[in-house]
Amino acid sequence: MTKPIRIWGRTTSSNVKKVLWLADELKLTYERIGADLSFGAIDTPEFRKLNPNARVPTIEDGDFVLWESNAIMRYLAMKYGGEAFYPPEPAARANIDRWLDWQLSTLIPVDVPVYWGTIRTPPEKRDMAAIAVGAEKLVAVWAILEAQLANRQFAASDRFSIADIALGVLVYRFLANPFLKRPPLPRLTAWQDRLRARPPFKKWVELPLE
Ligand SMILES: N[C@@H](CCC(=O)N[C@@H](CS)C(=O)NCC(=O)O)C(=O)O
């Protein structure tokens with residue numbers, strides 16, 4: 001019998017949520033390790049043999065070990081029947097890859113300081129002036145997707161894809177963050193509602209921010 005895929009990572013991590021969401025979309029059998037681990041707890045010599053960055057998510061699929069959440073999503077979609085979420089046609093695939101790269105290179109650098117500065121910093125230590133500046137930058141980046149959604153239902157096209165997973169975990173923590181000033185973003189909100197209709201979004205993403 002083949003061993004179930006092993007997914008390392010705490011469920012509070014946005015990057016781990018991506019992999020769990022996709023694994024459920026693909027109806028995979030998996031074992032998750034890291035339920036009780038807090039931030040930094042995986043930084044052990046044993047875990048660093050799997051992932052020298054000591055970061056989650058990391059997966060083991062038989063003897064194959066993989067880290068980087070977006071690379072993991074591509075792999076799982078390619079290997080386990082996820083063509084609908086990551087189509088093989090070059091232009092469709094590149095379009096999805098573009099948004100996956102954008103998530104890591106453009107969105108994450110402005111999302112992390114704001115999220116950590118608010119939700120993961122105790123009230124007496126919050127620097128509200130820095131958060132206001134960060135929030136403006138974050139709104140400007142989300143406004144790019146807001147504009148793109150004028151002519152499509154999902155992030156990359158009219159079809160749900162792994163780009164929606166990568167961006168969906170972050171739009172939730174942006175729109176649900178009570179400390180941020182946001183202009184009305186009707187298309188982002190409507191897109192999030194479409195994601196909300198998917199059970200893994202409810203299970204892994206639509207939870208109290210922590
Ligand atoms: N670019 C990496 C980032 C991985 C990352 O920074 N993971 C964070 C959680 S979101 C982490 O492992 N932090 C240390 C910890 O949780 O112990 C990815 O997309 O997988």
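This text walks through a four-stranded sheet, the helix lying across it, and a pair of packed helices.

The model is predicted: local features need pLDDT of at least 70, side-chain atom pairs count only at pLDDT 80 or more, and totals for chains, interfaces and linings use all residues. Residues are numbered from 1 along each chain as its sequence is written, and side-chain values use heavy atoms, with hydrogens and water left out.

Start with the sheet. It is open, has four strands in the order β2-β1-β3-β4, and its pairing is mixed. Strands here are DSSP runs of E with at least two residues, helices are runs of H or I with at least four, and both are numbered from the N terminus. Two strands pair if DSSP finds at least two bridges between them. The edge strands are β2 (30-33) and β4, and each pairs on one side only. From one strand to the next, the twist averages 20°.

Now take the pairs in turn. β1 and β2 run parallel, with four bridges. I7 has R32 as its bridge partner in β2. Strand β1 (residues 5-8) also pairs with β3, antiparallel, over three bridges. There, W8 is partnered by T58 of β3. On to β4 (residues 64-67): four bridges join it to β3, again in the antiparallel sense. T58 stands opposite W67 in β4. The hairpin of β3 and β4 has two residues between the strands, and G62 takes a positive phi near 65°.

Look closer at β3 (residues 58-61). T58 and E60 point one way, while I59 and D61 point the other way. In a regular strand the side chains alternate between the two faces of the sheet. All four of these β3 residues are buried, meaning under 20% relative accessible area (exposed is over 50%, partly exposed in between; 1.4 Å probe, protein chains only).

A helix covers three of the strands. Helix α3 (residues 69-79) lies across β1, β3 and β4, and runs at about 135° to β4. Axes are lines fitted to C-alpha atoms, for helices over the stretch in contact, and angles run from 0 to 180 degrees between N-to-C directions.

Finally, turn to the helix pair. α6 (residues 162-175) and α7 (residues 186-196) pack at about 115°, with their axes 10 Å apart. Contact means heavy atoms within 4.5 Å. From α6 the contact includes L167, V171 and F174; from α7 it includes L188, W191 and L195. By class, the contact has eight nonpolar, three polar and one charged residues. Ala, Val, Leu, Ile, Met, Phe, Trp, Tyr, Cys and Pro count as nonpolar, Asp, Glu, Lys and Arg as charged, and the others, Gly among them, as polar.
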